[in-house]
Amino acid sequence: FQGFIGACIDIHDRKMAEAALQDSEKRLLELMDSQKRFVADAAHELRNPLTAIQGNMDLLVRFKNIPEEEKRDIIRDVQKEANRLSRLVHDMLQLARGDAGAALHEDHLELHEVLLEAFRDIERMSPKHTLKLEGLCPTELIGDADRLKQVGIILLENAVKYTPPGGEITLSLNCEADQAVIRVKDNGMGISAEDLPRVFERFFRADRSRYRGEDPGGTGLGLPIARWIVEGHGGEIHLESEPGVGTTAVVRLPISLEE
Ligand code: ADP
């Protein structure tokens, strides 16, 4: 009887081991797939500004008699595309470091101060929008001050980018039980119900034909970076949005003073 039980346990263990192996194999394949997709998307995104730079440089080399003003426009275009390349590479490197398991710092920080710094930085660069603070609840926690400031900057920058001039952006920080809740609210163009579930995908950018003015030229990597940072702090981030009404980004961070 004992032998029979032993055999049953053996079969059960083997089945469990097989299932675990299949599971990790599946996860590994999924991971490889997403890495392949990332490389293909990255190559595609890098190619656009590079092609534009090459085209403009060709023009400058081939045609000697371009009027000064036109020449200046071409050079400005090259500069814009080079800046875009540099932003893309910077953001991609940061995500790659995150994928490689880069550690977050464990600073004893005051979240309201960190957010205030982000707010002041963006306020200075956004003269065409009204930026408001709505109660920053004093919050101490252990976390990575630079990275959390970056989350604030990404969300505020998005709010400015996707809100027409004259629009209003509000930052708030509330203390709810054992959570700090950051909200960045704008009254901008909003996101369609179809696009909303995709905004945290790498390189995803909602339909660009909606921009009335110039394309604000994002990389589609801001929200994935913000999510990596927030989840690294044990938190959660999501967007709520209504087209034509506005968007609110909500970040929930556990308040813990334990390292
Ligand atoms: P990007 O660099 O393009 O801004 P993100 O990853 O930060 O990339 O955001 C992904 C996409 O989500 C944006 O391209 C934009 O279409 C949409 N989005 C993000 N924040 C907002 C917002 N506040 N209002 C409207 N659309 C937004």
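In this predicted model, T170 sits in strand β4, which covers residues 168-176. With a relative accessibility of 12%, T170 falls under the 20% limit and therefore counts as buried. Once its neighbours within four places in sequence are set aside, the contacts of T170 are with K132, E134, R183, V184 and K185.

Strand β4 is one piece of a fold that can be followed from one end of the sequence to the other. The protein contains 5 helices and 7 strands, and these come in the order α-α-β-α-β-β-α-β-β-α-β-β. The radius of gyration is 24 Å, whereas the globule rule gives 18 Å for 259 residues, so the protein is more spread out than a compact globule. Measures of extent along the principal axes add to this picture: the C-alpha trace spans about 95 × 50 × 35 Å.

A few overall values help in getting to know the chain. Buried residues make up 35% of the 259 residues of the protein, and T170 is one that counts as buried. The exposed surface of the protein comes to about 16000 Å², with carbon and sulfur atoms supplying 53% of it. As for contacts between residues at least 6 apart in sequence, 71% of them join residues at least 24 apart.

The model also holds a ligand, and its surroundings make a good second stop. The shell around the ligand is formed by 19 residues, and the closest are N158, K161, Y162, T219 and L223. Sorted by class, this shell has 9 nonpolar, 7 polar and 3 charged residues.

Backbone atoms of the protein come into play here as well. A backbone N or O atom of L223 lies 2.9 Å from an oxygen atom of the ligand, so L223, already listed among the closest residues, also makes a polar contact under the 3.5 Å limit. For A206, the distance between a polar backbone atom and an oxygen atom of the ligand is 3.0 Å. G222 likewise places a backbone N or O atom 3.3 Å from a ligand oxygen atom. Taken alone, the ligand would expose 530 Å², and the protein buries 97% of that area. Two helices, α4 (145-161) and α5 (222-232), are the elements that give two or more residues to the shell around the ligand.

Terms used:
Residues numbered from 1 in each chain as written. Predicted model: local features only at pLDDT ≥ 70, side-chain atom pairs only at ≥ 80, totals over all residues. Heavy atoms only, no water. Near = heavy atom within 4 Å. Polar contact = N/O pair within 3.5 Å; in protein donor to acceptor, adjacent residues only side chain to side chain. Areas by Shrake-Rupley, 256 points an atom, 1.4 Å probe, with all protein chains shown as cover. Helix = DSSP H or I, 4+ residues; strand = E, 2+ residues; numbered from the N terminus. Nonpolar A, V, L, I, M, F, W, Y, C, P; charged D, E, K, R; others polar. Rg over C-alpha atoms; globule rule 2.2 N^0.38 Å. Buried < 20%, exposed > 50% of the residue type's maximum accessible area, 1.4 Å probe, protein only. Contact = heavy atoms within 4.5 Å.
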